[in-house]
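Let's take a friendly walk through this structure, one side chain at a time. Keep the view open beside the text and find each residue as we come to it.

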Amino acid sequence: MAATLPPFPGTTGRRDWRTAFDAIRKLLANGDDTTQVFRIMRSLNVGATPKSYAQFIATEEGGRMAYERIELAQVLSQPGFARQFAPGTVGAAYNHFLESTGYSADGLAEVSKINREEDMPHPYAWFGRRVRDTHDIWHVMTGYKADESLGEAALVAFSYAQVGGLGWAFIGGAAALKSLRVTKGTLFARAVWEGYRRGRKAKWLAGEDYLKLLAEPIDAARARLGLSEPVAYLTAQRELGEEMASYLSQRRDKNAATEERLAA
């Protein structure tokens, strides 16, 4: 059983619902505004990091990694790092993800700096950065696309099941509820619920040694971690189509408008 650890230094232990509702309103208006995600996390994820860190250091491997305190963003963002992995590995899939989306570990780290706790020299802050910096690897492992509303909503539900933190549930639930009106159906919401159930069934991804995981064959890694195929997600993605699967994204709307103007 994991130990109970004290709260994050300087925190009140209270959730800031006013900030959370302001941020979710802005995020639902523009799903590409990643800054709002971190505002919500700071407002609602009270107590989640100490609990997860206690679980982490209660294991031999977690204790070792906490002692080494490697900053994954620094490693993952090294030029050419992701290109070194053999075809068929998690690392190769991660490299394809980075090249196809244009995302990067250090880019996500930069956006998250609205939270002053992010860069604190404290074990909880380090663990929080670790979860943040592996978010895109979780996209790869779960099969949820990062550049669509559906994939992000399913992954935040998965993340809530994995590491707790009411902020994850707040985002996923709000996106699912809005989807009922926007998509005129339940496909999106069912995919989000499936994300939560997959997170409950899978092994604890936050405890993985990611530098080892990246070299592992991806099919074997998914099987070992209990990551089954996201059936409801793939069904929703196919039946909703690209536009409805990304109904929160202004970027997609702008791209579509540009393409229409060019076609005209």
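## A guided walk through the helices

Our starting point is D133, which sits in helix α8, the stretch covering residues 123-133. Please keep in mind as you look that this is a predicted model. Is D133 buried or exposed? With a relative accessibility of 4%, D133 counts as buried, because the cut-off for that label is anything under 20%. Its side chain has a partner there: it reaches the backbone nitrogen of A73 at 3.2 Å.

From here, turn to S100, a residue of helix α6, which spans residues 90-101. S100 has a relative accessibility of 48%, so it counts as partly exposed. What does the side chain of S100 reach? It comes to the backbone oxygen of F97, at 3.1 Å. S100 also offers a link to another part of the chain: its C-alpha atom is 9.9 Å from that of D147, although the two positions lie 47 residues apart along the chain.

That brings us to D147 itself. D147 forms a salt bridge with K145, and the closest N and O atoms of this pair are 3.7 Å apart. The distance qualifies because the cut-off for a salt bridge is 4 Å. Both partners are partly exposed, K145 at 37% relative accessibility and D147 at 28%.

While helix α6 is still in view, look at how it packs. Two packed helices are described by the angle between their axes and the distance between the axes. For α6 and helix α9 (residues 135-142), the angle is about 110° and the axes are 10 Å apart. An angle from 65 to 115 degrees counts as roughly perpendicular, and therefore α6 and α9 carry that description. Their crossing is right-handed.

Now for the charged side chains more broadly. Side chains of opposite charge can pair when their charged atoms come close. How many salt bridges does the structure hold? There are 12. One of them joins D22 to R39, with an N to O distance of 2.9 Å. Since D22 belongs to helix α1 and R39 to helix α2 (residues 34-44), this pair ties together parts that are 17 residues apart in sequence. D22 is partly exposed, with a relative accessible area of 23%, and R39 is partly exposed too, at 22%.

A salt bridge can also sit within a single helix, as R64 and E61 show: they are 3 residues apart in helix α4 (residues 60-68), and so are separated by about one helical turn. The closest N and O atoms of R64 and E61 are 2.8 Å apart. R64 is partly exposed at 26% relative accessibility, and E61 is partly exposed with a relative accessible area of 34%. These two residues do not stand alone, for E61, R64, E68, D209 and K212 are linked in a network of salt bridges.

Our last stop is the aromatic rings. A search of the whole structure turns up 15 aromatic pairs. In one of them, the rings of W17 and F170 have centres 5.8 Å apart and planes at 80°, so the pair is edge-to-face. W17 lies in helix α1 (residues 17-29) and F170 in helix α11 (residues 166-182), which means that the pair ties together parts that are 153 residues apart in sequence. Which of these two rings is buried? It is F170, with a relative accessible area of 16%, whereas W17 counts as partly exposed at 37%.

F188 and Y247 make another edge-to-face pair, because their ring centres are 5.2 Å apart and their planes meet at 70°. F188 lies in helix α12 (residues 187-201), while Y247 is in the loop between α15 (231-245) and α16 (250-263), so this pair ties together parts that are 59 residues apart in sequence. Here F188 and Y247 are both buried.

Finally, look for a group of rings rather than a pair: Y53, F56, Y124, W126, F127 and W204 form one aromatic cluster.

Note on methods
Residues are numbered from 1 along each chain as its sequence is written. Side-chain values use heavy atoms; hydrogens and water are left out. Rings of Phe, Tyr and Trp (its six-membered ring) pair if their centres lie within 6.5 Å; planes under 30 degrees apart count as stacked, over 60 as edge-to-face and the rest as tilted. Helices (H or I, at least four residues) and strands (E, at least two) are DSSP runs, numbered from the N terminus. Buried means under 20% relative accessible area, exposed over 50%, partly exposed in between (1.4 Å probe, protein chains only). A polar contact is a pair of N or O atoms within 3.5 Å; within protein, one must be able to donate a hydrogen and the other to accept it, and residues adjacent in sequence count only if both atoms are side-chain atoms. A salt bridge is a side-chain nitrogen of Lys or Arg within 4 Å of a carboxyl oxygen of Asp or Glu. Axes are lines fitted to C-alpha atoms, for helices over the stretch in contact, and angles run from 0 to 180 degrees between N-to-C directions. Angles under 35 degrees count as roughly parallel, over 145 as roughly antiparallel, 65 to 115 as roughly perpendicular and the rest as oblique. A crossing is left-handed if the near helix is turned anticlockwise from the far one by less than a right angle, and right-handed if clockwise.
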